Amino acid sequence: MLETPTQHQQQLWVVRRLFRICKTFRSMAKSEPCLEQYEQQVRLMMDEEVSPAAAAWIELIVGSLRSGEMFRVTEYVR
């Protein structure tokens, strides 16, 4: 029997995916993208609108990428 993912596992998966999208987008950009460009890339890659919650996560992720700090999902999602 298959186990259904918990809400916590789903949230971890989504946030990790947002991180991968943002990190890849940043590495491919010729100059530092603005926050709206990150959101547009996420919208394109996930094929859905960016929710307010996702926008908040993207802002945290971009902040860590710009500062060079390690982004640890588990520090935010418990």
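Modeller: A contact means heavy atoms within 4.5 Å. This is a predicted model, where local features need pLDDT of at least 70, side-chain atom pairs need 80 or more, and totals for chains, interfaces and linings use all residues. Residues are numbered from 1 along each chain as its sequence is written, and side-chain values use heavy atoms, leaving out hydrogens and water.

Biologist: Okay, what pattern does the protein chain follow along the sequence?

Modeller: Helices (H or I, at least four residues) and strands (E, at least two) are DSSP runs, numbered from the N terminus. The protein chain has 4 helices and 0 strands. Read along the sequence, that gives α-α-α-α.

Biologist: And what does the C-alpha trace span along its principal axes?

Modeller: Start with how the chain meets itself: among contacts with a separation of 6 or more, 58% join residues 24 or more positions apart. As for the C-alpha trace, along the principal axes it spans about 50 × 25 × 20 Å.

Biologist: How much of the protein chain do buried residues make up?

Modeller: Buried means under 20% relative accessible area, exposed over 50%, and partly exposed in between (1.4 Å probe, protein chains only). The protein chain has 78 residues, and the buried share is 31%.

Biologist: Let's look at H3. Which helices do its buried residues pack against?

Modeller: H3 runs over residues 52-67 and reaches 23 Å from its first C-alpha to its last, close to the expected 22 Å (1.5 Å times one less than its number of residues). Its buried residues include Trp57, Ile58, Ile61 and Leu65. They pack against H1 (7-28), H2 (35-46) and H4 (73-76).

Biologist: Which residue with a positive phi follows H3?

Modeller: Right after H3 the backbone has a phi near 85°. The residue there is Gly68.

Biologist: On to H2. Within what arc do its buried residues fall, seen down the axis?

Modeller: H2 has 12 residues that should span 16 Å, and its end C-alpha atoms are 17 Å apart, which agrees. Tyr38, Glu39, Gln41, Val42 and Met46 are its buried residues. They line one face of the helix, because the arc (taken from the directions from the helix axis to the C-beta atoms) is 160°.

Biologist: What covers the buried residues of H2?

Modeller: H2 ends just before Asp47, whose phi is positive, near 55°. For the buried residues of H2, the cover includes H1 and H3.

Biologist: Now the charges. How many salt bridges does the count come to?

Modeller: A salt bridge is a side-chain nitrogen of Lys or Arg within 4 Å of a carboxyl oxygen of Asp or Glu. One of them joins Arg72 and Glu75, with the closest N and O atoms 3.7 Å apart. By this rule the count comes to 4.

Biologist: How far apart in sequence are the parts that Arg66 and Glu32 tie together?

Modeller: The side chains of Arg66 and Glu32 meet in a salt bridge at 3.1 Å, N to O. Arg66 is partly exposed at 42%, and Glu32 is partly exposed at 37%. Arg66 lies in H3 and Glu32 in the loop between H1 and H2, so the separation is 34 residues.

Biologist: Is Glu49 buried or exposed?

Modeller: Glu49 forms a salt bridge with Arg43, at 3.4 Å, N to O. Arg43 is partly exposed, with a relative accessible area of 30%. Glu49 has a relative accessibility of 62%, so it counts as exposed.
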